[in-house]
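Dear colleague,

I am passing on the structure we spoke about, and my notes on it follow underneath. Please read them with the model open beside you.

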Amino acid sequence: MFVHLSSVDSTNAEAKRRIVRGEGAHADTILADEQTQGRGRRDHTWLSPLGNLYFSLIVTPRLQEAAWAGYSLLSAVILSRVLGSIVDPLRLSFKWPNDVLIDERKVSGLLIEALHYEGQPFLIIGVGMNVLHHPGDSDFPATSLAACGAGDILPERILQRFMAEFDVLWQAFQIEGFAVFYRRIEEQLYGRNKKVRLALSEERQVEGICRGIDKEGQLLLEDENGVRRAYASGDVLAMRPRF
Ligand code: BTN
């Protein structure tokens, strides 16, 4: 089912309401022209004016819960393939765990939420992409397709491309798992082999040299003694110029 709303509080919230009414099915998509209460990761607000892309895709995961992090990386890879059809792919990078950057500025983010309904797990993959507008005061520098000289594409068209990539990559991921796109993420990882800071929560941050990701998609940071630790969640923060 495809639903196109002119305005909604949040497409993720709308997807959740449909699931708990028993109306959610794999590959259902909710697109909105604007959101009045768009949400980002770590309880941040996601400003959602007319002109950008906001949608939520409902999927029924087939892998065990321990492997669900892969769905978030899968979604980021799909986003990067879509964006690579709009701007030069060499301008793209991934900011772990699932932001896509153009020229090291955030253009798109994902908010993935899980819920169970009548014993069936559902994942809601919420995608926001700055097409015409981007915030000027975000924690991490932001950009839009328009600011990158590529704003003449309709949000609906971007969603169509996302779904076409999803159809192909979803199948590949079920069969081969994370290995299918591991290399692509590694090659395009923001901060790779540089010193990065990772926010584990609002209060706790760690620093280390980013050594890529492991086979489970966890971020590898190396401390000053050369010891590597893997992190399953967190947010890579903007690198300061002195790095
Ligand atoms: C982030 O980078 O913090 C994630 C942003 C996710 C925003 C999208 S827009 C569509 C969906 N609905 C929401 O309320 N949030 C996600």
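If we set aside the neighbours within four places in sequence, Glu14 is in contact with Leu5, Val8, Arg21 and Ile30. Please keep in mind that this is a predicted model. Glu14 belongs to helix α1, which covers residues 11-20, and because its relative accessible area is 9%, below the 20% cut-off, Glu14 counts as buried.

The ligand comes next. It is surrounded by 19 residues, of which Ser10, Gln35, Arg39, Arg41 and Lys106 are the closest. An oxygen atom of the ligand lies 2.8 Å from a polar side-chain atom of Ser10, and a polar side-chain atom of Lys106 is 2.5 Å from an oxygen atom of the ligand, while for Thr11 an N or O atom of the side chain is 3.2 Å from a nitrogen atom of the ligand. The ligand taken alone exposes 420 Å², and the protein buries 97% of that area.

As for the interior, the largest nonpolar core has 59 residues, and those with the most contacts inside it are Leu145, Ile158, Phe162, Ile185 and Leu219. Helix α2, residues 69-84, gives the most to this core, with nine residues, and the core draws at least three residues from each of domain 1 (2-187) and domain 2 (195-240). Apart from this core lies another one of eight residues, including Val3, Ala15, Ile58 and Leu115.

Leu219, again leaving aside neighbours within four places in sequence, is in contact with several residues, among them Trp96, Leu189, Cys210, Tyr231 and Val236.

With best wishes

Key:
Residues numbered from 1 in each chain as written. Predicted model: local features only at pLDDT ≥ 70, side-chain atom pairs only at ≥ 80, totals over all residues. Heavy atoms only, no water. Core = buried A, V, L, I, M, F, W, Y, C linked by side-chain atoms within 4.5 Å. Buried < 20%, exposed > 50% of the residue type's maximum accessible area, 1.4 Å probe, protein only. Helix = DSSP H or I, 4+ residues; strand = E, 2+ residues; numbered from the N terminus. Domains from an automatic or database assignment. Contact = heavy atoms within 4.5 Å. Near = heavy atom within 4 Å. Polar contact = N/O pair within 3.5 Å; in protein donor to acceptor, adjacent residues only side chain to side chain. Areas by Shrake-Rupley, 256 points an atom, 1.4 Å probe, with all protein chains shown as cover.
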